[in-house]
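I opened this model to look up how its parts are arranged and what they touch. The entries below follow the order in which I went through it.

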Amino acid sequence: MVDINIAAAKEKLSTKGFLDIDVSPELDLFLEIEKLKKEKNAIILAHYYQEADIQDVADYIGDSLGLAQQAEKTTADMIVFAGVHFMAETAKILNPDKKVVLPDLKAGCSLADSAPGHLFQAFKERYPDHLVISYINCSAEVKALSDIICTSSNAQKIVESLPADQKIIFAPDRNLGAYLIKKTGRDMVLWDGACMVHEIFSLEKITKLKIRHPNAKLIAHPECEEPILRLADYIGSTTGLLNFTKKDPSMEYIVATETGILHQMQLSSPQKTFIPAPPTNNCACNDCPHMKLNTLEKLYLCMKYEQPELLMDPTLMVAARKPIERMLEISAKYGL
Ligand code: SF4
């Protein structure tokens, strides 16, 4: 009976995106996941924006740069990627011979989706003398059309590593691109993409919140819009924000990025208060709906049945690998 259910779930995998199998609520998933890790020599890499339970079972929790670096050096046989699709793709590109599984194949990214490969190719052709720096939040197709990949942790260094007269296309995030133009003084052509989570913060509500909490510092991710960044006391990548809250003496922060990071902030500084920056409407829109498609149950199932597995075109993987390697080389050079 159970086998019939599994067979049916596997059949529906491509439409559902995950194995739709009931998991007994009595099962201790934390224990089971630990057992599966050992049995299968698996490593769980999780992004900071994952729900707290997933972060708690992960072997490594990080932002996109840290996750790519971990994926590059892992000796595990199976990589379990708790994040979104483009992140699992990056892990696969760096480990073409390893099995990469993910809890839900449909965990996408509005930012990556804002730059379809064929449209980006046409855009790039309009600027033949430009080099392309792409933020890691893009599809493998866009990576393959890029010269260097960057993350929010290393973007500034990567832009500055190019000669001052080098013309640059930056894709796909227009807010991070505008922030980099301001920081580096470089004139870059920007692709017009954005993240649905980081564009939702309300300047008006944050201003009111700052009045109610006069000692709270506003800390923001550079994917936020310019008016929010102008108000921020500190701007940084997800890891940058976390590290800032560990070292900074303030006791209260308004955090303008996806709410998942608050779990690590609270664990690192239990005596401090972290307030999620409010969105323009009343829903929990600063929760990334793509990241939050992953659940502990789906994570357990993908480890147990080794599905959904991420499979990619080998030629595309080779083309997309080069710009990722360039990013890792530059990051290593600067100790990032
Ligand atoms: S938070 Fe934004 S950039 Fe990150 S995965 Fe979600 S939609 Fe993509």
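Before listing neighbours of the ligand, I fixed the criterion: a residue is near a molecule if its C-beta atom, placed from the backbone, lies within 6 Å of it. I also kept in mind that this is a predicted model.

**Entry: the ligand shell.** By that criterion I found 13 residues surrounding the ligand, and I noted that the closest are Cys109, Leu111, Cys195, Val197 and Cys288. Sorting the shell around the ligand by class, I obtained 9 nonpolar residues, 3 polar and 1 charged. I then looked up where the shell comes from, and found that domain 1 (2-107 + 290-311) and domain 2 (111-195 + 317-333) each contribute at least three residues to it.

**Entry: the domains.** The division I worked with has domain 1 (2-107 + 290-311), domain 2 (111-195 + 317-333) and domain 3 (203-276). For the pair that shares the ligand shell, I computed a separation of 28 Å between the C-alpha centres of domain 1 and domain 2. Which residues are in contact across this pair? I counted 13 residues of domain 1 in contact with 15 residues of domain 2. On the side of domain 1 that touches domain 2, α5 and α6 each supply at least two residues, and α6 gives the most, with 6 residues. The residues of this side of domain 1 divide into 6 nonpolar, 3 polar and 4 charged.

**Entry: α5 and α6.** I turned next to how these two helices pack, and found that the axes of α5 (residues 64-73) and α6 (residues 85-94) come within 9 Å and cross at roughly 30°. Because angles under 35 degrees count as roughly parallel, α5 is roughly parallel to α6. I recorded the crossing of α5 with α6 as right-handed. The contact is made by Ser64, Leu67, Ala68, Ala71 and Glu72 on α5, and by Met87, Thr90, Ala91 and Leu94 on α6; by class, its residues are 6 nonpolar, 2 polar and 1 charged.

**Entry: α14 and α15.** I looked up a further helix pair, α14 (residues 238-247) and α15 (residues 261-268), whose axes come within 10 Å and cross at roughly 25°. That angle makes α14 roughly parallel to α15, and I noted a right-handed crossing for α14 and α15. On α14 the contact involves Thr238, Leu241, Leu242, Thr245 and Lys246, while α15 brings Ile261, Gln264, Met265 and Ser268. I classed the residues in the contact of α14 with α15 as 4 nonpolar, 4 polar and 1 charged.

Definitions and conventions:
Residues are numbered from 1 along each chain as its sequence is written. This is a predicted model: local features need pLDDT of at least 70, side-chain atom pairs count only at pLDDT 80 or more; totals for chains, interfaces and linings use all residues. Ala, Val, Leu, Ile, Met, Phe, Trp, Tyr, Cys and Pro count as nonpolar, Asp, Glu, Lys and Arg as charged, and the others, Gly among them, as polar. Domain bounds come from an automatic or database domain assignment. Axes are lines fitted to C-alpha atoms, for helices over the stretch in contact, and angles run from 0 to 180 degrees between N-to-C directions. Helices (H or I, at least four residues) and strands (E, at least two) are DSSP runs, numbered from the N terminus. Angles under 35 degrees count as roughly parallel, over 145 as roughly antiparallel, 65 to 115 as roughly perpendicular and the rest as oblique. A crossing is left-handed if the near helix is turned anticlockwise from the far one by less than a right angle, and right-handed if clockwise. Two residues are in contact if their C-beta atoms, placed from the backbone, lie within 7 Å.
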